[in-house]
Amino acid sequence: MNSVAIITLLLGLFSGIALFLYGMNVMGDGLKKVAGNRLESYFEKNHV
């Protein structure tokens with residue numbers, strides 16, 4: 001493999017990881033908004 005192919009591969013890999021982590025962050029924030037205090041009180045009751 002030449003250096004251009006390696007750089008393209010690494011750029012794609014890191015872009016995919018960044019997009020995945022951004023999506024997880026957005027999903028977590030959305031879950032907090034939807035669940036509100038119900039989810040937090042559920043975990044407190046069940047000691048998770």
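## A nonpolar surface patch

Eleven names make up one feature of this predicted model. Met1, Ile6, Leu9, Leu10, Leu13, Phe14, Ile17, Phe20, Leu21, Met24 and Met27 form a nonpolar patch on the surface. Together these residues have about 1200 Å² of accessible area.

Two members of the patch can be followed further. Leu21 and Met24 are both in the list. Leucine 21 is found in helix α1. Methionine 24 lies in helix α1 as well.

## The chain as a whole

The protein chain has 2 helices and 0 strands. Its C-alpha trace spans about 55 × 20 × 5 Å along the principal axes.

Buried residues are 2% of the 48 residues in the chain. The accessible surface of the protein chain comes to about 4600 Å². Carbon and sulfur atoms account for 71% of that surface.

## Helix α1

Helix α1 covers residues 3–35. It has 33 residues. From its first C-alpha to its last, α1 reaches 48 Å. That is close to the 48 Å expected at 1.5 Å a residue.

Two side chains on α1 fall on either side of a cut-off. Leucine 21 has a relative accessible area of 52%, so it counts as exposed, the limit being over 50%. Methionine 24 has 41%, which lies between 20% and 50%, so it counts as partly exposed.

## After α1

What follows α1? The next residue is glycine 36. Its phi is positive, near 65°.

## Helix α2

Helix α2 covers residues 37–46. Tyrosine 42 is found in this helix, and serine 41 has its place there too.

Is tyrosine 42 buried or partly exposed? Its relative accessible area is 48%, so tyrosine 42 is partly exposed. Serine 41 is also partly exposed, with a relative accessible area of 29%. Buried would need a value under 20%.

## Distances across the chain

Three pairs of C-alpha atoms relate parts of the chain to one another. Tyrosine 42 and leucine 13 are 29 residues apart along the chain. Their C-alpha atoms are separated by 37 Å. Leucine 13 is one of the patch residues, while tyrosine 42 belongs to α2.

Leucine 21 and leucine 39 are 18 residues apart along the chain, with 22 Å between their C-alpha atoms. For serine 41 and methionine 27, 14 residues apart, the C-alpha separation is 20 Å. Methionine 27 is another residue of the patch.

Notes:
Residues are numbered from 1 along each chain as its sequence is written. This is a predicted model: local features need pLDDT of at least 70, side-chain atom pairs count only at pLDDT 80 or more; totals for chains, interfaces and linings use all residues. Side-chain values use heavy atoms; hydrogens and water are left out. Patches are made of residues with over 30% relative accessible area and no salt bridge: like charges are joined within 9 Å, nonpolar side chains (Val, Leu, Ile, Met, Phe, Trp, Tyr) within 5 Å. Accessible areas come from the Shrake-Rupley method with a 1.4 Å probe; for residues, only the protein chains shown count as cover. A salt bridge is a side-chain nitrogen of Lys or Arg within 4 Å of a carboxyl oxygen of Asp or Glu. Helices (H or I, at least four residues) and strands (E, at least two) are DSSP runs, numbered from the N terminus. Buried means under 20% relative accessible area, exposed over 50%, partly exposed in between (1.4 Å probe, protein chains only). The expected span of a helix is 1.5 Å times one less than its number of residues.
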